[in-house]
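Reader: I am new to this structure and would like a close look at a single part of it, beginning from one residue and following the surroundings outward. Please take it slowly and explain how that part is joined to the rest.

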Amino acid sequence: MKKITIAIDGHSSCGKSTMAKDLAREVGYVYVDTGAMYRSVTLFALRNGLFTDEGINEDELRRRMPEIQISFQFNPEAGRPDTYLNGELVEKDIRTMEVSNRVSPIAAIGFVREAMVAQQQQMGREGGVVMDGRDIGTVVFPNAELKVFVTATAEVRAQRRYDELKGKGMEADYDEILKNVLERDYIDSHREVSPLRLADDALLLDNSNMTIEEQKQWLLDRFHEVAGA
């Protein structure tokens, strides 16, 4: 059976990463979390003082982009890949609200997207990959055999994010998270470079009222339809 490329795009905190991870594990594909890649660039910028009162120091970030190497290593205990920034495990560091509040402006920068897209295309050049993000089906893999666009109401997504953070023992404020979700939606959909949008040939899934198991089965069914399994 030919290995296909699966592109899953959608709004922040809509559960697309969970869906993508589960599908990759189920069918034996490689999972790539592109959102984690932009979060890693954001973490690098925060650690190196590239956020100023005037905004992002883009000239310095552009100069230092070659220093940013992102990789994924499978974590058998968690059953998913962990994110590494220049060889350092940063999976927990990139999930904080500080990073969440800064990631959309970083992801809107053209040279950042260009560098990340090049790394993503290299990771998925031979198929057998499930990749989720904002522009996978429109920019990174426009010829992907299966494209899915996932969404849910902002309130549902904020609650999911809140529950996720609390479940990890991290501080969380629902109102702050909802505000962040709405801001990220606007920035992601209105940026000049690779805005978030539904690809013409993508399947739309609103999972506001679906359980994780229902989402998992829906995606697995779509995979079998396309892959012919």
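**From one residue to the sheet and the cores**

Author: T42 is buried, because its relative accessible area is 0%, and everything said here about T42 and its surroundings refers to a predicted model. This residue belongs to helix α2, which covers residues 34–47. Once residues up to four places away in sequence are set aside, the contacts of T42 are F51, V99, R102, V103 and I106.

To see where α2 sits, it helps to turn to the sheet. Five strands make up an open sheet whose order is β2-β8-β1-β9-β10, with parallel pairing. β2 and β10 (203–206) are the edge strands, each having a partner on one side only. On average, and with direction ignored, neighbouring strands of this sheet are turned by 20° against each other. Helix α2 packs on this sheet, where it touches β2 and β8, and its direction makes about 40° with that of β2.

Of the two strands that α2 touches, β8 deserves a careful description. This strand runs through residues 129–133, and 5 of its 5 residues are buried. The covering applies to both faces: V129, M131 and G133 are buried on one side, while V130 and D132 are buried on the other. As general background, side chains in a regular strand alternate between the two faces of the sheet. On one flank of β8, strand β2 (residues 30–33) runs parallel to β8 and is joined to it by 4 bridges, with V30 standing opposite V129. Strand β1 (residues 5–10) is also parallel to β8, and 5 bridges join the two; within that pairing, I8 has D132 as its bridge partner.

Further along the sheet, β9 (residues 146–151) and β10 are joined by 4 bridges and run parallel, and the partner of V150 in β10 is L205. Helix α9 (residues 212–227) lies across β1, β9 and β10, and its direction runs at about 160° to β9.

The helix that holds T42 also has a part in the nonpolar interior. The largest nonpolar core counts 34 residues, and V41, L61 and V112 are those with the most contacts inside it. Two or more residues of this core come from each of α2, β5 (70–75), α4 (97–107), α5, β8 and α6, and the most come from α2, which gives 7 residues. Such a grouping can be set beside a general tendency: nonpolar side chains in soluble globular proteins tend to be buried together. L61 shows how this core is knitted together, for beyond its neighbours within four places in sequence it is in contact with V41, L50, I56, I68, I106, I109, F111 and V112. There is also a second, separate core of 20 residues, and A20, Y31, F223 and A227 are among them.

Charged side chains add further links, and a search of the whole structure finds 17 salt bridges. One of the links is a network of salt bridges that includes D33, E91 and R95. Another salt bridge joins R113 to D135, with 2.9 Å from N to O. This pair brings together distant parts of the chain, since R113 is in helix α5 (residues 110–123) and D135 is in the loop between β8 and α6 (136–140), 22 residues apart. R113 counts as buried because its relative accessible area is 3%, and D135 is likewise buried, because its value is 1%. R157 and D185 meet in a salt bridge as well, at 2.6 Å from N to O. Because R157 lies in helix α7 (residues 154–167) and D185 in helix α8 (residues 174–190), this pair ties together parts that are 28 residues apart in sequence, and both R157 and D185 are buried.

A local pair can be placed beside these. E60 and R63 form a salt bridge whose closest N and O atoms are 2.6 Å apart, and both residues belong to helix α3 (residues 58–64), where they stand 3 residues apart, about one turn of the helix. E60 is partly exposed because its relative accessible area is 23%, whereas R63 counts as exposed because its relative accessibility is 53%.

Conventions. Residues numbered from 1 in each chain as written. Predicted model: local features only at pLDDT ≥ 70, side-chain atom pairs only at ≥ 80, totals over all residues. Heavy atoms only, no water. Buried < 20%, exposed > 50% of the residue type's maximum accessible area, 1.4 Å probe, protein only. Pairing = 2+ DSSP bridges. Contact = heavy atoms within 4.5 Å. Salt bridge = Lys/Arg side-chain N within 4 Å of Asp/Glu carboxyl O. Core = buried A, V, L, I, M, F, W, Y, C linked by side-chain atoms within 4.5 Å. Axes fitted to C-alpha atoms, helices over the stretch in contact; angles between N-to-C directions.
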